[in-house]
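Welcome! Open the structure in your viewer, switch to a cartoon view, and follow along one selection at a time.

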Amino acid sequence: METSLLNIGFGNTVVTSRIIAIVTPGSAPMKRLKEEAKEEKRLIDATQGRRTRSIIITDSNHVILSAIQAETISQRFVTGFEFKEEKKKDAAPH
C-alpha cells in the first residue's frame, strides 16, 4: 500500500488517506470545533505561530490547524491525486 503525504506548510505533512475535510476557520461552527478539539486534546497546531488559515479534519477526529489557505491545500490535494492516477495509468500494462 502506497502512502501519500500532503504538505500543509512549514515542513508539516498529513497522510492524504486520513483527511475528511479541509475548511476555512472563520465561521462560528469551525471556531467551536477548534475549541472542542483543544479541550479534548485532539488539536494539532501546525501554524508555527502564524494565523490559522485552514482547518483539516481527519478520520481519527483530530483537528489540524495550518497557516496555508484552505484553497491552496485543496489544490495540492487534488494535484497529488491526479498525479497518482496518471502514474497508475502509465504503469498499467497495455
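In what order do the four strands of the open sheet lie? Colour the strands and you can read off 3-5-6-4, with mixed pairing. Keep in mind as you look that this is a predicted model.

Now select residues 19–23 and then 43–45: these are strand 3 and strand 4, the edge strands, and each pairs on one side only. Turn the sheet and look along it: from one strand to the next, the twist averages 20°.

Next, add residues 54–58, which form strand 5. Strand 3 and strand 5 run antiparallel, and four bridges join them. To find one residue pair here, click on Ile-19; its bridge partner in strand 5 is Thr-58. As background, strands of a sheet pair through backbone hydrogen bonds, either parallel or antiparallel.

Stay with Ile-19 and show side chains, since it is also one of the nine residues in the largest nonpolar core. Select the others too: Leu-6, Ile-8, Val-14, Ala-46, Ile-56, Ile-64, Ile-68 and Ile-73. There is also a second, separate core of six residues, including Ala-37, Ile-55, Ile-57 and Leu-65.

Go back to Ala-46. Beyond its neighbours within four places in sequence, Ala-46 is in contact with Ile-8, Phe-10, Asn-12, Ile-64 and Leu-65.

Last stop: Leu-5, in strand 1 (residues 5–9). Is Leu-5 buried or exposed? Leu-5 counts as exposed because its relative accessibility is 54%, and the cut-off for exposed is over 50%. Leaving aside neighbours within four places in sequence, Leu-5 is in contact with Thr-13, Val-14, Val-15 and Thr-16. Try a distance label from Leu-5 to Thr-16: they sit eleven residues apart along the chain, with their C-alpha atoms separated by 5.6 Å.

Notes
Residues numbered from 1 in each chain as written. Predicted model: local features only at pLDDT ≥ 70, side-chain atom pairs only at ≥ 80, totals over all residues. Heavy atoms only, no water. Helix = DSSP H or I, 4+ residues; strand = E, 2+ residues; numbered from the N terminus. Buried < 20%, exposed > 50% of the residue type's maximum accessible area, 1.4 Å probe, protein only. Contact = heavy atoms within 4.5 Å. Core = buried A, V, L, I, M, F, W, Y, C linked by side-chain atoms within 4.5 Å. Pairing = 2+ DSSP bridges. Axes fitted to C-alpha atoms, helices over the stretch in contact; angles between N-to-C directions.
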